[in-house]
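Let's take a walk through this one, charged pairs and surface included. Have the model open and follow along.

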Amino acid sequence: MRNRFRIASSFTQTAIGLEIMDEDENRIIIKDLMNPSGILPCKSVERMRVLVRNMIGDVIGCMESCDRDVLETMSDRDKEVDRLDWLVFRQVNMHQMDPSLPRITGTDILETSHCAYISRTLERIGDHAVQMSENLRNIRDMSGFGFDIVNLGRKILSHFVKSSSTWSEHDVASANDCIMDGEKLVAEIM
């Protein structure tokens with residue numbers, strides 16, 4: 001039972017809005033405390049975007065300044081991104097299961113569904129930022145990072161900011177420009 005409680009407790013700490021309400025030898029009762037009318041997946045995605053942008057920026061800053069201290073909170077921010085990803089999926093599911101919820105919250109069901117895809121992509125980008133930070137911690141002499149790689153990192157960060165903003169601003173023309181710019185960036189890296 002102790003192992004089951006530890007697993008349930010770990011899960012409730014990862015997922016937002018779930019709490020263990022009761023337990024005995026045979027069962028653990030977990031209750032969802034989220035208020036469905038206060039659920040806005042786009043807000044959660046925006047928070048994820050800011051966290052991931054800062055994570056990428058810290059990796060580039062570390063390469064630039066050789067200051068590893070900037071990477072100390074990377075794991076905590078990644079956990080927050082993971083929690084928000086879980087939250088977005090729960091929010092999207094709630095919107096899809098209750099047809100009145102999009103009307104109550106003033107959201108569009110299609111846009112809400114897109115939040116799930118964007119959330120998963122942001123979570124994955126955050127994982128890559130963590131991997132890069134772990135790799136940087138293992139490099140003894142970071143003075144070998146030249147202007148080229150730092151400059152490329154800045155371009156990637158700028159592209160991330162611009163491309164992720166096109167979604168929240170519903171700017172199709174800018175999104176198409178981002179696709180073209182992304183292809184040029186990939187070609188530059190290769």
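Start in helix 5, where D127 and R124 sit three residues apart, about one turn of the helix. Keep in mind as you look that this is a predicted model. The two side chains meet in a salt bridge, with 3.5 Å from N to O. Neither partner is tucked away by the usual cut-offs: D127 has a relative accessible area of 22%, so it counts as partly exposed, and R124 is partly exposed too, at 44%. The general idea is simple enough: side chains of opposite charge can pair when their charged atoms come close.

How many salt bridges are there by this rule? The count comes to eight, and two others are worth a stop.

Go next to R77 and D58, which form a salt bridge with their closest N and O atoms 2.6 Å apart. R77 belongs to helix 3 (residues 74-97) and D58 to helix 2 (residues 41-65), so this pair ties together parts that are 19 residues apart in sequence. Are these two buried or exposed? R77 comes out at 14% relative accessibility, and because buried means under 20%, R77 counts as buried. D58 is buried as well, with a relative accessible area of 18%.

Now stay with helix 3 and find D85, whose side chain meets that of R120 in a salt bridge at 2.8 Å, N to O. R120 lies in helix 5 (residues 109-137), so here the pair ties together parts that are 35 residues apart in sequence. The two ends of this bridge sit in contrasting surroundings: D85 is buried, with a relative accessible area of 5%, whereas R120 counts as partly exposed at 44% relative accessibility.

Let's leave the charges and turn to the surface. Which residues make a nonpolar surface patch there? F11, I30 and W86 do, and their patch covers about 260 Å². To find F11, look in helix 1, which spans residues 2-14. Why can F11 take part in such a patch? Patch residues need over 30% relative accessible area, and F11 has 33% relative accessibility, so F11 counts as partly exposed.

To retrace the route: the D127 and R124 bridge stays inside helix 5, the R77 and D58 bridge links helix 3 with helix 2, and the D85 and R120 bridge links helix 3 with helix 5. The nonpolar patch of F11, I30 and W86 rounds off the tour.

How values were computed: Residues numbered from 1 in each chain as written. Predicted model: local features only at pLDDT ≥ 70, side-chain atom pairs only at ≥ 80, totals over all residues. Heavy atoms only, no water. Patch = residues over 30% accessible without salt bridge, like charges linked within 9 Å, V, L, I, M, F, W, Y side chains within 5 Å. Areas by Shrake-Rupley, 256 points an atom, 1.4 Å probe, with all protein chains shown as cover. Salt bridge = Lys/Arg side-chain N within 4 Å of Asp/Glu carboxyl O. Helix = DSSP H or I, 4+ residues; strand = E, 2+ residues; numbered from the N terminus. Buried < 20%, exposed > 50% of the residue type's maximum accessible area, 1.4 Å probe, protein only.
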